[in-house]
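Q: I would like a close examination of a single part of this model, followed outward through its surroundings. Please set out the criteria behind each term as it arises.

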Amino acid sequence: MRALTWHGKKDVRVETVEDPAIVNPRDVILKITSTAICGSDLHLYDGMIPSMQAGDILGHEFMGEVVETGKSVTGLRKGERVVVPFVIACGACYHCSRLQYSACDNSNPPDKADISETLYGHQMSGLFGYSHMTGGYAGGQAEYVRVPFADVGPIAVPDDLEDDEVLFLSDILPTGWMAAENCEIEEGDTVAVWGCGPVGLFAIQSALMMGAARVIAIDHYPRRLELAAGLGAQTIDYTTASVLEALLEMTGGIGPDAVIDAVGMESHGFFVDNVYDRAKQALMLETDRPHVLREALMACRKGGRVSIPGVYGGLIDKFPLGALMQKGLTVKTGQTHVQRYLPLLLEMIREKRIDTTFLISHRLPLESAAEGYRMFAEQQNETTKVILKPGWEQVQ
Ligand SMILES: NC(=O)c1ccc[n+]([C@@H]2O[C@H](COP(=O)([O-])OP(=O)(O)OC[C@H]3O[C@@H](n4cnc5c(N)ncnc54)[C@H](O)[C@@H]3O)[C@@H](O)[C@H]2O)c1
Ligand SMILES: [Zn+2]
Ligand SMILES: [Zn+2]
């Protein structure tokens, strides 16, 4: 089959690789109909995530048709159309039984799990197409993919919904939702969101649905800020205003009740601390560039809530722990427990209460995936979300 493979920093290629096969009785094989490139894929593309190997198949946002089922899969039939969560979870361990699917103890094989155990104190769950630290599973930017624990993850979607309407259930829609939920929004709240990429935009949409009186969105790309404004957010362009001053001014000197870091480890901008982080990263003395996290902690009102959907990988410097402690802030974060939110969010899409299609800027054949990565990484203003279509011969 054809698949997008990783070969190093900014080097991804569509190649012919071996077809996946059923390994365990709970596996299914999917024929991919749509798959997307995520901001998290950019961390792989930029060489920020350890334990990648040349030839790894990327992609953790995908959906498709079941073409083969393992012998203990009962809930899914051949021919069924499903969306697959990017988190692989067994459904039965200590964490899964508490609906903390991204903390699953059984989906990261023992020979891989020790990498994250050393880094984080505990092993991470398996994730599709996201390094050997999270299981080394082949991803879904391909014609076919093997889905383990298929009786727990994939959700069948009704025929009357197009791929574009449901694909983002695999990751960014529940991620934006959980980011807002982690803000524990109360009526009248002001929520500030850093980053108007797909995660930030869905977090804005979710925060407003959960009753935030006001959402303030921060980014520097005019097109992305425009999309945020279209959802009902007020906006700050950090290249033309001091974010901290603007937020104080907009909240009568109090600060936002909750803040969301939807940027993560690769903050942009020529801020003193960001330049410092870049230099330390180059010397391998720091792994992440947490400018946004520092700014969000400083901006949040006393007693406020901090939600961090943005991905961080390792160790950071100059973390304002004093601000966190002295202001009595609450922090919630994590890889999204996707499975937990699927039934609710699918229902909301069906009822047309949530639209996800406004985000899509490009639809490309899988064969153009390398170009899709380049555009999503280098032309972020125009490229808000790229969908790859394995079945397509050319751009439509
Ligand atoms: N927790 C999860 O389960 C989960 C799931 C999906 C994605 N993510 C993470 O969420 C983050 C966002 O993903 P995305 O797909 O929206 O990515 P993206 O790269 O499309 O968007 C990031 C946005 O942040 C903006 N930004 C950069 N520096 C900024 C700054 N200093 N101030 C304000 N905005 C700034 C960029 O301009 C860009 O628009 C990534 O770190 C991704 O890995 C986490
Ligand atoms: Zn993703
Ligand atoms: Zn589990």
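How many other C-beta atoms lie within 10 Å of G200, and is this residue buried or exposed?

A: G200 is buried, having 29 other C-beta atoms within 10 Å; the label "buried" requires 20 or more such atoms within 10 Å of the residue's own C-beta, "exposed" means 12 or fewer, and "partly exposed" covers the range in between, with C-beta atoms placed from the backbone. The model is predicted, and local features are therefore reported at pLDDT of at least 70 and side-chain atom pairs at pLDDT 80 or more, while totals for chains, interfaces and linings use all residues. Residues are numbered from 1 along each chain as its sequence is written, chains are lettered from A and ligands numbered from 1 in the order in which they are written.

G200 belongs to helix 5, residues 198-209; helices (DSSP H or I, at least four residues) and strands (E, at least two) are numbered from the N terminus. Leaving aside residues up to four places away in sequence, G200 touches V193, G195, A217 and A262, a contact being a pair of C-beta atoms, placed from the backbone, within 7 Å. Between G200 and D171 there are 13 Å from C-alpha to C-alpha, at a sequence separation of 29 residues.

The burial of G200 is shared by much of its helix. Of the 12 residues of helix 5, 10 are buried, so the helix is largely enclosed by the rest of the structure. The buried residues are P198, V199, G200, L201, F202, A203, I204, Q205, S206 and A207. Their cover includes helix 1, helix 4, strand 11 (190-194), strand 12 (214-219), helix 6 (222-230) and strand 14 (258-261). As for length, the end C-alpha atoms of helix 5 are 17 Å apart, in agreement with the 16 Å that its 12 residues should span at 1.5 Å a residue; the expected span is 1.5 Å times one less than the number of residues. Just after helix 5, G211 adopts a positive phi of about 105°.

Helix 4 is one of the elements covering helix 5. Two packed helices are described by the angle between their axes and the distance between the axes. Here the axes are lines fitted to C-alpha atoms, for helices over the stretch in contact, and the angles run from 0 to 180 degrees between N-to-C directions. Helix 4 and helix 5 pack at about 55°, their axes 7 Å apart. They are therefore oblique to each other; under 35 degrees counts as roughly parallel, over 145 as roughly antiparallel, 65 to 115 as roughly perpendicular, and the rest as oblique. The contact joins I172, L173, T175, G176, W177, A179 and A180 of helix 4 to P198, V199, F202, A203, Q205, S206 and A207 of helix 5. The crossing of the pair is right-handed: the near helix is turned clockwise from the far one by less than a right angle, whereas an anticlockwise turn would be left-handed.

Helix 4 also packs against helix 11, at an angle of about 100° and with the axes 9 Å apart. These two helices are therefore roughly perpendicular. L173, P174, W177 and M178 of helix 4 meet V338, Y341 and L345 of helix 11 in this contact.

Helix 11 (residues 338-350) has 13 residues and reaches 18 Å from its first C-alpha to its last, close to the 18 Å expected. A bend of about 30° occurs at L344, taken as the angle between axes fitted to the seven residues ending at a residue and the seven starting there. V338, Q339, R340, Y341, L342, L345, L346 and I349 are its buried residues, and they are covered by elements including strand 7 (87-88), strand 10 (155-156), helix 3 (163-166) and helix 4 (172-181). Just after helix 11, K352 has a positive phi of about 60°.

Q339 of helix 11 leads to one further site, since V152 touches A89, C90, G91 and Q339, residues up to four places away in sequence not being counted. V152 is located in the loop between strand 9 (144-147) and strand 10. With 21 other C-beta atoms within 10 Å, V152 is buried.

Conventions: Contact = placed C-beta atoms within 7 Å.
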